[in-house]
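Please open the structure in your viewer and keep the selection panel at hand. The stops below follow one another, each with something to select and something to look for.

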Amino acid sequence: MIVTSIFRIWLLLAPTVYSAPFLEPAVQAEYDAIVIGGGPAGLAATSGLARVRRNVLMIDSGEYRNDATRHAHDILGFDGVTPAWLRFAARKQISDYGTVDLVNGTVTEVQPQNNNTFFKVLAEYPGNKSVSFTTRKVVLATGLRDILPSTTGLAENWGKGIYWCPWCDGHEHADQELGILAHLDSAVTSVREILTLNKDIILFVNGTDTPANRNITEGKFPGWEKYLKLLNVKIENRTLSSITRLRDGATPFADPSLPSHPEHDLFQVNFTDNKNPILRNAFFVDFPSEQKSKVGQNAGVQLYGNKLAADSAGGLVTNIPGIFAIGDANSDNVTNIPHAYFSGKRTAVFLHVVQVERENSFAQIAAAGKRDVGEDELQQLWARMNEPGDITHAGDRFDAQY
Ligand SMILES: Cc1cc2nc3c(=O)[nH]c(=O)nc-3n(C[C@H](O)[C@H](O)[C@H](O)COP(=O)(O)OP(=O)(O)OC[C@H]3O[C@@H](n4cnc5c(N)ncnc54)[C@H](O)[C@@H]3O)c2cc1C
């Protein structure tokens, strides 16, 4: 009789007890993953994890590499929107998923724990509020910082007529008078990148046209001098003193449904000899860059060149198991938004399937080997029935007779 009652209650609870048996995760931590950085790479990783209901925290300090540019390009479906709109649209959609926290803050330290089985992440939230969390995995989406020369006018006009890649802003300045700002050897190779867009080109090599650099250039690009002559590309070797904006080519009232609009900027390049300034509509540049954040390196992540070394066969994991590197910061050596999306998604899939759930399954199978799971559930139910106040509580007599 009492046994029959147990089964009746058991059947009543069957949908919760049997359809989703609670199995302990392999590691107890507040988050499955903490994504550091909320540019396109971090957003893509967060989205990929949110879609499969991973508990994920994205912490972003908001210093986006392309913040200065007027419009972001070559992003399917979003070609020509502002970078801020792209992030806003992504955040809005991602925040609809129930297992995601998106916060503004700066991660100050990632501390590997217990042989990298989980991590402690320390961060500063706005208002000098220090916080810390535990997480099973860490995704570094911390980006790069461009190292701009100190030439007056360069940083001020960065991303607005002085641009970094042909796909980013080249189309907006097509057929205009273009300057290339770079060392001799890279300026020469930059010509090939931009030739389908511009023909009137001057290389501003800022004193780097020296015999030694000519040899280096010849090694990289045999016949480069003849090539420049054929194209009528000039080299200007004087040292730059400043770049002055004469006209702003922003197109705030242009049709936003169209991806590309010509931007008619005008700049004057001044030299230290104070003679013969040169006018140009736009500049295509080649400057070095560096890691925006040291949190990865401080946690033991190795660099490849100046990038966080990431194994593409291992979901872009670094040398520290459980820490991944995506986007511009990683060693794929591809720095654009489509790559940021791709790499974020790649890590999200790997982290979800090949890491967290695989670890869980191994731990759960091992635990199940020690005890029978069905037996365990029956015991849990029995414990509930003996808890005064629980809906299943059957009283002391029931307890005593079973
Ligand atoms: C001027 C310019 C224009 C560009 N235009 C285009 C374009 O039109 N199309 C295109 O495809 N690509 C463009 N790019 C390239 C593009 O900006 C990058 O490829 C892209 O931003 C990389 O995304 P990411 O998420 O890796 O890095 P980012 O966008 O730089 O984001 C990194 C984020 O991590 C945050 N962060 C860093 N450290 C921490 C920390 N410790 N704690 C918390 N947060 C942290 C940063 O504040 C930042 O918000 C452009 C680049 C430049 C320089």
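Which residue of β6 is the bridge partner of Ala123? Bear in mind as you look that this is a predicted model, and then select Ala123 to find that its partner in β6 is Val131.

Extend that selection to the whole of β5 and to strand β6, residues 129–140, and you have two strands that run antiparallel and are joined by 7 bridges. They form a hairpin with 3 residues between them, and in its turn Gly127 has a positive phi of about 85°.

Now move to the other pairing of this strand: select β4 together with strand β5, residues 118–125, which pair in the antiparallel sense over 7 bridges. Picking Thr106 leads you across to Glu124, its bridge partner in β5. The hairpin of β4 and β5 has 4 residues between the strands, and Asn114 in that hairpin takes a positive phi near 45°.

With β4 still selected, bring up the ligand, because β4 (106–113) is one of the elements that each supply at least two residues of the shell around the ligand, the others being α2 (40–50), β2 (56–60) and α10 (337–370). There are 41 residues surrounding the ligand, and the closest are Gly37, Gly39, Asn66, Gly143 and Gly327. If you colour the shell by class, you will see 17 nonpolar, 17 polar and 7 charged residues. If you colour by domain instead, the shell draws at least three residues from domain 1 (31–146 + 289–361) and at least three from domain 2 (154–285).

The next stop is an open sheet of 5 strands, to be selected in the order β8-β15-β9-β10-β11, where the pairing is parallel. Its edges are β8 (162–163) and β11 (234–236), and each has a single partner strand, so one side of each is left without a neighbour in the sheet. To inspect the edge at β8, add strand β15, residues 282–285, which runs parallel to β8 and is joined to it by 2 bridges; within this pairing, Ile162 has Phe283 of β15 as its bridge partner. Add α6 to the view as well, since this helix packs on the sheet and touches β9 (178–181), β10 (201–204) and β15, its direction making about 140° with that of β9.

Keep α6 (residues 184–194) and select α7 (residues 211–220) beside it, for these helices pack at an angle of about 35° with their axes 8 Å apart. The crossing in which α6 passes α7 is right-handed. On the α6 side, show Leu184, Asp185, Val188 and Thr189, and on the α7 side Asn213, Ile216, Thr217 and Lys220, which together make the contact. By class, the residues of this contact divide into 3 nonpolar, 3 polar and 2 charged.

Finish at the open sheet of 3 strands, whose order is β12-β13-β14 and whose pairing is antiparallel. Here β12 (240–247) and β14 (278–280) stand at the edges with a single partner strand each, so that one side of each has no neighbour in the sheet. From one strand to the next the twist averages 25°. Select strand β13, residues 266–271, with β14 to see their antiparallel pairing over 3 bridges, and then pick Gln268, whose bridge partner in β14 is Leu279.

Notes:
Residues are numbered from 1 along each chain as its sequence is written. This is a predicted model: local features need pLDDT of at least 70, side-chain atom pairs count only at pLDDT 80 or more; totals for chains, interfaces and linings use all residues. Axes are lines fitted to C-alpha atoms, for helices over the stretch in contact, and angles run from 0 to 180 degrees between N-to-C directions. A crossing is left-handed if the near helix is turned anticlockwise from the far one by less than a right angle, and right-handed if clockwise. Two residues are in contact if their C-beta atoms, placed from the backbone, lie within 7 Å. Ala, Val, Leu, Ile, Met, Phe, Trp, Tyr, Cys and Pro count as nonpolar, Asp, Glu, Lys and Arg as charged, and the others, Gly among them, as polar. A residue is near a molecule or strand if its C-beta atom, placed from the backbone, lies within 6 Å of it. Domain bounds come from an automatic or database domain assignment. Two strands pair if DSSP finds at least two bridges between them.
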